[in-house]
Amino acid sequence: MNKGEEEEYIPPPVEPRGQNQVADSRGTIERNKRRFVEEITKIRLDTDEAENDRRIKENKEKDQRYDDIQTEVHNSYQKNIQIDFTWEELEEKEDCEELAQEIEMQKAKCQSIIQTKEKLIKQFQDTLKGKDAEYHKSLETQSLNIDKLIEIMRRQFNAMRDEYNTQLNEIEAAYKKEREEVLNRNNEEINKLFEKHQKTEEMFLDRRTKDEAKYADELENLRSSEANDQQESKIKLENELQTLQKCMEDMKAVYKLNEEKLDFNLRVLKEREDHNKTQKTNMIKRLNKLKNRKRKLEEDYKKENTKLKNKNIELTNSYKRITLQFKELQKKFRRFKKSDERRFEEIWFMNQNEVYALVNKISQADRVIHEQQLGIEWKPPTDPAFNNPDLKAHVSQTNQNVSVAESQGQSKLDIGDTQSHLTGAEKTEEGKIPISKIKAVFQLLIEEMPYLIEDKIELECQNLDPRTAFKRRLDAVRKSLDITEKTTLYMLVNTFYEYSKNNDEEKSNENEIPIEANDEDEELDIEGYEILDVLRQFQQRKEEYLSNAMLTGNPRSKKRPTFQNEEQKKELDQKAENYIWQKMTTILDERKLSVWKALDSAFAKYYQLLVDRKNLIEDTALLNTQNEELKTLLNQYLHAGVNHELKIPPTQVIRLDM
């Protein structure tokens, strides 16, 4: 035997086709599963997106309806108030023709309100119809989506079943092919062995018996091992087949669950549709009720209109009768008026004495508080109203001064100048305040306080030239500050420059630098945060100026009109009396009242301190008494006879200063 024949035969390796096919089949099935899940998910995402868009649109429409309702409520409320106010005014009218015209206008306004509400109701009805159409469309879309989803599920189920069958067939074919390759390899190996056996049979004739038994055993072992491998492969394939069948059953269960959910959703939508139909029926019934109510109100209105016309005729006749009675009543009124004036004067003088007694009492108390308690100089009130004990004479003198000024041809502005020293609004002629100062003040207000200008005017000024825009802004600031005459305008400029001058003086006092007085070149030195303080001073001065000028009439007109009748004179007297009585309540200004409150609080604390000190003194005396009693009792115990019988008496261990 040569060397090549002695080498053992090595069979070629067999490719594991079955395992590779199983892995490929699993990958294919997983890809199909993901694709099917993505198709179902896409339908759900599209449905969710459409529902989200519908809800967003619904919320916008809901907000719009709410705004429309609120606007309608507000407008109806305003119109109803105006109509009620007009009805109250119509009750006072006496001209029949004018009254009839006003009533027709009231009818038109009421009809306008009713038309507005009917328009809103019609709009809501159209919206309700659109909701019904949208609901039916949503049901149809949902039904189509459900049918499409069921169709996709069926198609996917059939595709998965076909795919599982295909993959199982391919796996089985792969294992069969692998088995054939193994058998072919084994047959080839056996053939090689037989050829080798035949070649070596002659050469190993003596060893034939032994070798034959040996090779027979090896051949039997090889066959049994191949049979076992084939049996294991078959069992493994059967197990995988069972696993795939179980997966298929799970998918069927999932699809069944989804189908039940969709059926449940369909039932819910049907119930909701029934509920909406019920709501629609109720709304139709309500609409019919409202129409019947409207018809009834129109009939009532016609009846009421006829009734009011008849009543108008009766009232016209009654008016003629009452006119005659009124003329007779005027005669009686003149007689009672004289009696009322006499009683009014009696009550006036009685209250006048009480008021002046109370004013004197308050003044004396204020003097005692300032001189005795606070130790500062007391200044009596300088207002002549507090020093004149006859208020009636003071009112008459005030009106007399006004009448004299009118008879001499004085303007109202000149009369108001006599009181300007009280408010700091000194009379300033046009030209005494340079235009540059006025411009500087308004330029500062426009730059530092833009909220005095309305947004609409500010937008208009952006498209104008600087000069015209400045004039528009200046007029807006004057309107916001209620500056309608030159006196208050000059008062505003003087207030700003006085405040600036005070700031310059304070800075010069701090730095010890003298300031040269030059009114023409004076600069406006006011910070932005100080403008509010300046405006408060200006407002206070203007209010004082107007209140003090009340006795001479309205200071905003250039000339004071003469009295046309007795009612105007009576009205002026009433204003003067109200002003004087109001002045009596200002005997204590805010500063003095705050001093009184602070002093009362301090005295209350001082009184409480004395009471606490008294209580502490009483407690101290009581404790001293108790201490003396305890000392006496302890001394008795220490000097008792029983202490001598003790080996260590208490007196040897206790040292007391008795």
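## Lys 252 and Glu 249

Lys 252 has a relative accessibility of 32% and therefore counts as partly exposed; the class lies between buried (under 20% relative accessible area) and exposed (over 50%), with a 1.4 Å probe and protein chains only. Glu 249 falls in the partly exposed class as well, at 45%. The two side chains form a salt bridge with an N to O distance of 3.9 Å, where a salt bridge is a side-chain nitrogen of Lys or Arg within 4 Å of a carboxyl oxygen of Asp or Glu. Lys 252 and Glu 249 are three residues apart in helix α4 (residues 208-373), so about one helical turn separates them.

## Model and conventions

The model is predicted: local features need pLDDT of at least 70, side-chain atom pairs count only at pLDDT 80 or more, and totals for chains, interfaces and linings use all residues. Residues are numbered from 1 along each chain as its sequence is written, and side-chain values use heavy atoms, with hydrogens and water left out.

## Overall make-up

The protein has 658 residues, of which 22% count as buried. Its secondary structure consists of 16 helices and zero strands; these elements are DSSP runs numbered from the N terminus, with helices being H or I runs of at least four residues and strands E runs of at least two. Of the contacts between residues at least 6 apart in sequence, 80% join residues at least 24 apart, a contact being heavy atoms within 4.5 Å.

## Coiled-coil annotation

An unreviewed UniProt entry places the feature "coiled-coil region" at residues 89-116, 154-203, 227-254 and 280-318. UniProt positions are given in the numbering used here, feature names are shortened, and annotations may be inferred rather than shown by experiment.

In the model, residues 227-254 are 100% helix and 0% strand, and the C-alpha atoms at the ends of this span are 41 Å apart. Residues 280-318 are also 100% helix and 0% strand, with 55 Å between the end C-alpha atoms.

## Other salt bridges

The structure contains 21 salt bridges. One of them joins the side chains of Arg 55 and Glu 51, at 3.2 Å from N to O. Arg 55 and Glu 51 are four residues apart in helix α2 (residues 17-92), so they too are separated by about one helical turn. Glu 51 is partly exposed, at 27% relative accessibility.

Lys 117 and Glu 72 form another salt bridge, with 3.9 Å between the closest N and O atoms. This pair links distant parts of the chain, since Lys 117 is in helix α3 (residues 96-203), Glu 72 is in helix α2, and their positions lie 45 residues apart in sequence. Lys 117 is partly exposed at 38% relative accessibility, whereas Glu 72 is buried at 10%. Salt bridges also link Glu 58, Glu 61, Arg 65 and Lys 131 in a network.

## Two positions in helix α2

Asn 32 is part of helix α2. Asn 32 counts as buried, with a relative accessibility of 12%. Neighbours within four places in sequence aside, Asn 32 is in contact with Met 160 and Glu 163.

Ile 40 also lies in helix α2, and at 24% relative accessibility Ile 40 counts as partly exposed. Not counting residues up to four places away in sequence, Ile 40 touches Leu 149, Gln 156 and Tyr 255. The C-alpha atoms of Ile 40 and Met 153 are 8.4 Å apart, although 113 residues separate the two along the chain.

## Helices α9 and α11

Two packed helices are described by the angle and the distance between their axes. For helix α9 (residues 435-448) and helix α11 (residues 466-481), the axes come within 10 Å and cross at roughly 80 degrees. Axes are lines fitted to C-alpha atoms, for helices over the stretch in contact, and angles run from 0 to 180 degrees between N-to-C directions. The crossing angle makes α9 roughly perpendicular to α11: angles of 65 to 115 degrees fall in that class, those under 35 count as roughly parallel, those over 145 as roughly antiparallel and the rest as oblique.

On the α9 side, Lys 439, Phe 442, Gln 443, Leu 445 and Ile 446 meet Phe 470, Arg 473, Leu 474, Val 477, Arg 478 and Leu 481 of α11. By class, this contact of α9 with α11 has seven nonpolar, one polar and three charged residues. Nonpolar covers Ala, Val, Leu, Ile, Met, Phe, Trp, Tyr, Cys and Pro; charged covers Asp, Glu, Lys and Arg; the others, Gly among them, are polar.

## Asp 482

Asp 482 is located in the loop between α11 and α12 (486-511). Asp 482 is not a glycine, yet has a positive phi of about 60 degrees. With a relative accessible area of 35%, Asp 482 is partly exposed.
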